[in-house]
Protein chains: 2
Amino acid sequence: MGGVPETETAPDALPEPRPDEIRLESVLHALADPVRLRIVTELAEPGAELNCLAFDLPVTKSTSTHHFRVLREAGVLRQVRRGTSKMNTLRRADLAQLYPGLLESVLAAAADRRPHERAAQDRSPQG
Amino acid sequence: MGGVPETETAPDALPEPRPDEIRLESVLHALADPVRLRIVTELAEPGAELNCLAFDLPVTKSTSTHHFRVLREAGVLRQVRRGTSKMNTLRRADLAQLYPGLLESVLAAAADRRPHERAAQDRSPQG
DNA sequence: ACGCTAGTTCGAGATCTGTCAAACTACGAG
DNA sequence: CTCGTAGTTTGACAGATCTCGAACTAGCGT
């Protein structure tokens with residue numbers, strides 16, 4: 001199970017995989033869940049550094065913890081303790097170096113899918 | 001069970017989701033499995049149109065069938081009956097239009113991860 | 001010390017997933 | 001019609017995953 005080594009990326013950062021430990025399958029699996037994909041898209045806002053409960057997730061706290069752990073252990077995000085909270089940031093640089101364009105295309109695709117809230121059916125059957 | 005509508009993309013094509021039915025999460029989930037990722041990378045060879053057993057997969061026939069179905073129902077590949085075989089092709093155009101750059105970056109990442117097998121001694125020792 | 005807020009850990013349950021073996025279907029060749 | 005090849009379907013099983021509630025830990029303010 002827990003195979004994530006203690007990386008001294010930051011003093012208060014939780015254990016996360018080193019770049020060479022990040023596996024493509026794990027990243028894809030981490031991104032394949034709706035809740036986690038939502039976390040990642042919200043975290044993709046420029047300069048976003050949010051604590052876990054700052055997200056509007058349709059799950060309980062314990063389930064949130066689970067999803068954040070999956071994302072962290074896959075190498076998608078970093079969690080840093082800060083007071084009573086934990087700040088989350090995307091590991092954009094690491095992912096961009098390992099899998100160039102991957103995160104960007106996923107974010108773009110997810111961003112395209114999200115506007116179902118503002119523009120549900122934009123497509124007219126007749127064109 | 002089968003929620004995949006019959007799309008008349010080709011006369012002998014197996015039922016597959018229409019482009020607007022392809023969900024990002026399903027694609028990511030389909031690509032998150034090592035066996036399926038391998039299928040996709042082999043299928044990414046230019047002009048590749050392979051039948052199911054043309055792949056060197058470490059699983060039995062029934063498991064192969066399962067994986068091909070997952071990929072097809074996710075919209076990643078297309079299966080066309082041809083004689084006694086089924087030819088598989090990537091739905092590159094559809095995916096590129098829906099999620100630009102996604103498949104490409106996944107393929108590039110997978111190709112970088114895989115060279116331990118096909119190009120192990122390919123790196124020219126001397127110029 | 002006390003409580004509040006943020007988050008984890010611990011079962012537990014329901015569902016999904018990957019895998020196999022065996023039996024089955026479908027097409028083509030002889 | 002019979003045989004072989006290609007693939008599917010079914011049933012089963014082990015393990016992963018998502019989810020929850022309840023109890024627990026850790027820092028901050030008063």
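**Notebook: two chains and two DNA strands**

I started by laying chain B on chain A: the fit has an RMSD of 0.0 Å, after a turn of 180 degrees and a shift of 0.0 Å along the axis. So the two copies are related as by a two-fold rotation axis. I also checked which residues the copies use to touch, and 100% of the contact residues of chain B recur in chain A, so the same surface serves both. Note to self: this is a predicted model.

**Where the chains meet**

Next I looked up the contact between the chains. I found 19 residues of chain B in contact with 19 residues of chain A. On chain B's side, helix 1 (24–31), helix 2 (34–43) and helix 5 (102–113) each supply at least two residues. Which helix of chain B gives the most to this side? Helix 5 does, with eight residues. Sorted by class, the side of chain B that touches chain A has 13 nonpolar, three polar and three charged residues.

**Helix 1 of chain B**

Then I went to helix 1 of chain B and listed its buried residues: Leu24(B), Val27(B), Leu28(B), Ala30(B) and Leu31(B). They cover an arc of only 160 degrees around the axis, which puts them on the same side of the helix. What covers them? I found pieces of both chains there, including helix 1 (24–31) and helix 5 (102–113) of chain A, together with helix 2, helix 3 and helix 5 of chain B.

I picked out Val27(B) for a further look. Leaving aside its neighbours within four places in sequence, Val27(B) is in contact with Ile22(B), Ala74(B), Gly75(B) and Val76(B).

**The core**

I looked up the largest nonpolar core, which has 48 residues. Val27(B) turns up again here: along with Val27(A), Leu31(A), Val76(A), Leu31(B) and Val76(B), it touches the most other members. A reminder from class: in soluble globular proteins, nonpolar side chains tend to be buried together.

**The DNA**

Last, the strands. Which residues come nearest to DNA strand C? Of the 21 around it, they are Asn51(A), Leu53(A), Ser62(A), Thr65(A) and Ser62(B). Helix 3 (61–74) and strand 3 (85–90) of chain A, plus helix 3 (61–74) of chain B, give two or more residues each to this surface. By class I got six nonpolar, twelve polar and three charged residues near strand C.

For DNA strand D there are also 21 residues around it, and the nearest are Ser62(A), Asn51(B), Leu53(B), Ser62(B) and Thr65(B). Here helix 3 of chain A and helix 3 and strand 3 (85–90) of chain B each supply at least two residues. The surface near strand D has six nonpolar, twelve polar and three charged residues.

Conventions. Residues numbered from 1 in each chain as written. Chains lettered and ligands numbered in written order. Predicted model: local features only at pLDDT ≥ 70, side-chain atom pairs only at ≥ 80, totals over all residues. Near = placed C-beta within 6 Å. Helix = DSSP H or I, 4+ residues; strand = E, 2+ residues; numbered from the N terminus. Nonpolar A, V, L, I, M, F, W, Y, C, P; charged D, E, K, R; others polar. Contact = placed C-beta atoms within 7 Å. Core = buried A, V, L, I, M, F, W, Y, C linked by C-beta atoms within 7 Å. Buried ≥ 20, exposed ≤ 12 C-beta atoms within 10 Å, placed from the backbone. Least-squares fit on C-alpha atoms with pLDDT ≥ 70 in both. Arc of directions from axis to C-beta.
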